[in-house]
Amino acid sequence: MNTSSSHPSFWRRIPLAFGAFFSTLSDAAYAARVEKLSLPEAAPVVPVAPAPAPAAAPIILKEATPDAALQLLALLQREARLIDFTQENLGSHADADIGAAARVVHEGCAKVMREYFTIEAVRQEAEGSRIVLQEGFDSAQVRLTGNVVGSAPFTGTLSHRGWRASSVRLPKLIEQHDAAILAPAEVEL
């Protein structure tokens, strides 16, 4: 138990602290006396400039030329009539007619894919299987979905194997070729 000659108790120091706080804010002379009491003599503080942060490597964006995409659209139109199919208003057609047209589009698209691309699965496991992604997995090849919390390793169910093009064999174009013409207009004489 504290006596009058000893240090003030914790409960007595609480109102003293509040009083000192507000007195320091409102009375400059009081604040100067508190500063002398609380700060030990020290060498002057010399400001030090913070070290410059290392420059982040610039992100270089590749210019995507539309020619290859337009060439692919032209191939899909030629072999599968894909543009004709997507531009058609299907509301007035019967489901059986749409299904028959979709079969032609599917077969033509598959032919283009086989002829001009080699497509492989990103993951070899069967869809629906449980897999573990270790720390450092390639996030360009695997996208996490669902409740993603924490850090790797992650255990989850493979819902899609993913696809990658291992080779592309688009035909070479002559310099004067206008890739924006996906299919020329046809005039029957």
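**Entry 1: helix α5**

I began with α5 and listed its buried residues: Ile 98, Val 105, Gly 108, Cys 109, Val 112 and Tyr 116. They cover an arc of only 100° around the axis, so they sit on the same side of α5. I note here that the model is a predicted one.

I then looked at the face of α5 turned away from the buried side. The exposed residues there are Ala 96, Arg 103, His 106 and Arg 114.

What do the buried residues of α5 pack against? I found α3, α4 (82-87), β1 (117-121) and β4 as their partners.

I also checked the length of α5. Its 22 residues, at 1.5 Å a residue, should span 32 Å, and I get 31 Å between the end C-alpha atoms, which agrees.

**Entry 2: nonpolar cores**

I looked up the largest nonpolar core and found eight residues in it. The members are Leu 75, Leu 76, Ala 80, Val 105, Cys 109, Val 112, Tyr 116 and Phe 117. Both α3 and α5 supply at least two residues each to this core. Which element gives the largest share of the core? That is α5, with four residues.

I followed one core member, Val 105, to its contacts. Setting aside neighbours within four places in sequence, I list Ala 80, Arg 81, Leu 82 and Phe 85 as touching Val 105.

There is a second, separate core of six residues. I noted Ile 131, Val 142, Ala 152 and Phe 154 as being among them.

**Entry 3: Gln 77**

I picked Gln 77 in helix α3 for a closer look. Is Gln 77 buried or exposed? Its relative accessible area is 7%, under the 20% cut-off, so I enter Gln 77 as buried.

Leaving out neighbours within four places in sequence, I find Gln 77 in contact with Leu 82, Ile 83, Asp 84, Leu 182 and Ala 183.

**Entry 4: salt bridges**

I went through the charged side chains next. Side chains of opposite charge can pair when their charged atoms come close. The count I have is four salt bridges.

One of them joins Glu 79 and Lys 111, with 3.0 Å from N to O. Glu 79 belongs to helix α3 (residues 67-80) and Lys 111 to helix α5 (residues 95-116), so this pair ties together parts that are 32 residues apart in sequence. I checked the accessibility of both ends. Glu 79 is partly exposed at 23% relative accessibility, and Lys 111 is partly exposed at 36%. I also recorded a network of salt bridges that links Arg 78, Glu 79 and Lys 111.

Another salt bridge is formed by Asp 84 and Arg 81, whose closest N and O atoms are 2.5 Å apart. Asp 84 has 32% relative accessibility and counts as partly exposed. Arg 81, with a relative accessible area of 46%, is partly exposed. Asp 84 and Arg 81 had each come up earlier: Asp 84 is one of the contacts of Gln 77, and Arg 81 is one of the contacts of Val 105.

I also noted Glu 125 with Arg 123, where the closest N and O atoms are 2.7 Å apart. Glu 125 is partly exposed, at 28% relative accessibility.

**Entry 5: aromatic rings**

How many aromatic pairs are there? I count one. The ring centres of Phe 137 and Phe 154 are 6.2 Å apart and their planes lie at 85°, so I enter the pair as edge-to-face. Phe 137 is in the loop between β2 (130-133) and β3 (154-157), while Phe 154 is in strand β3. The two are 17 residues apart, and the pair links distant parts of the chain.

I compared the accessibility of the two rings with the cut-off, which is under 20% for buried. Phe 137 has 25% relative accessibility and is therefore partly exposed. Phe 154 has 17% and is therefore buried. Phe 154 is also one of the residues of the second core.

**Entry 6: His 177**

I ended with His 177, in the segment after β4 (163-168). His 177 counts as partly exposed, at 41% relative accessibility. I then took the C-alpha separation from His 177 to Asp 67, which is 9.7 Å. Along the chain, His 177 and Asp 67 are 110 residues apart.

Conventions:
Residues numbered from 1 in each chain as written. Predicted model: local features only at pLDDT ≥ 70, side-chain atom pairs only at ≥ 80, totals over all residues. Heavy atoms only, no water. Salt bridge = Lys/Arg side-chain N within 4 Å of Asp/Glu carboxyl O. Buried < 20%, exposed > 50% of the residue type's maximum accessible area, 1.4 Å probe, protein only. Phe/Tyr/Trp six-rings, centres within 6.5 Å; stacked < 30°, edge-to-face > 60°. Expected span 1.5 Å × (residues − 1). Arc of directions from axis to C-beta. Contact = heavy atoms within 4.5 Å. Core = buried A, V, L, I, M, F, W, Y, C linked by side-chain atoms within 4.5 Å.
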